[in-house]
Amino acid sequence: MSEKKVTHTPGPWAIEDDTPGESTGLRFAINSENNVIARTTDGWKEAQANARLIAAAPELLEQCKMFEQLLSTLIMEGHSGADLERDNLQAILDKVEGESA
């Protein structure tokens, strides 16, 4: 497997309360150094949860890549079932990294 070029803003990403006023609902900004990556405006309950998920994306991506390598090792060692899971994970990573429709 070849190493893929990173095309997203590298992490770590952090969340910051970006709520403009009390009656507008929660709004969180997801930041990387001085760049705003995204903002959530999904209502009181969902805004912070979505911001945490988005902010964790770089770390989740790295863990998925490590898991893909582990599955590849298991396949080489003859463990059954790992090939299907690796194929599913590769399809997801391809979507994340912009390599499929």
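A residue counts as buried when its relative accessible area is under 20%. By this cut-off, the buried residues of helix α1 in this predicted model are Ala-47, Ala-51 and Ala-55. Viewed down the axis of α1, these buried residues fall within an arc of 60 degrees, so they line one face of the helix. The cover over them includes strands β1 (14–17), β2 and β3, together with helix α2.

The setting for this helix is a protein chain with 3 helices and 3 strands. From the N terminus on, the elements run β-β-β-α-α-α. The protein chain has 101 residues, of which 24% count as buried. Among its contacts with a separation of 6 or more, 30% come from residues 24 or more positions apart.

The buried alanines of α1 recur in the largest nonpolar core. This core has 7 residues: Trp-13, Leu-26, Phe-28, Ile-30, Ala-47, Ala-51 and Ala-55. Strand β2 (28–32) and helix α1 each supply at least two of them. Helix α1 gives the most, with 3 residues. Another core, of 5 residues, lies apart from this one. Its members include Leu-61, Leu-71, Ala-82 and Leu-93.

Trp-13, a member of the largest core, has contacts in several parts of the chain. Leaving aside neighbours within four places in sequence, Trp-13 is in contact with His-8, Ile-30, Asn-31, Ser-32, Ile-37, Ile-54, Ala-55, Ala-57 and Pro-58. Ile-30 and Ala-55 belong to the largest core as well. Ile-54 and Ala-55 are in α1, whereas Ala-57 and Pro-58 are in α2. Trp-13 can also be placed relative to strand β3. The C-alpha atoms of Trp-13 and Asn-35 are separated by 9.5 Å, and the two residues are 22 residues apart along the chain. Asn-35 is in β3, which covers residues 35–40. This asparagine is partly exposed, with a relative accessible area of 47%.

Helices α1 (residues 46–55) and α2 (residues 57–76) pack with their axes 5 Å apart, at an angle of about 50 degrees. That angle makes α1 oblique to α2. On the α1 side, the contact is formed by Leu-53, Ile-54 and Ala-55. On the α2 side, it is formed by Ala-57, Pro-58, Glu-59 and Leu-60. By class, this contact has 6 nonpolar residues, no polar residues and 1 charged residue. Ala-55 thus appears in three lists: the contact with α2, the buried residues of α1 and the largest core.

Two residues of α2 show how burial varies within this helix. Ala-57 lies in α2 and takes part in the contact with α1. Its relative accessible area is 31%, so Ala-57 is partly exposed. Ala-57 and Gly-11 are 46 residues apart in sequence, yet their C-alpha atoms are 8.3 Å apart in space. Lys-65 is also in α2. With a relative accessible area of 17%, Lys-65 is buried, because buried means under 20%. Not counting residues up to four places away in sequence, Lys-65 touches Leu-93 and Glu-97. Of these partners, Leu-93 is among the residues of the 5-residue core.

Key. Residues numbered from 1 in each chain as written. Predicted model: local features only at pLDDT ≥ 70, side-chain atom pairs only at ≥ 80, totals over all residues. Heavy atoms only, no water. Helix = DSSP H or I, 4+ residues; strand = E, 2+ residues; numbered from the N terminus. Buried < 20%, exposed > 50% of the residue type's maximum accessible area, 1.4 Å probe, protein only. Axes fitted to C-alpha atoms, helices over the stretch in contact; angles between N-to-C directions. Parallel < 35°, antiparallel > 145°, perpendicular 65-115°, else oblique. Contact = heavy atoms within 4.5 Å. Nonpolar A, V, L, I, M, F, W, Y, C, P; charged D, E, K, R; others polar. Core = buried A, V, L, I, M, F, W, Y, C linked by side-chain atoms within 4.5 Å. Arc of directions from axis to C-beta.
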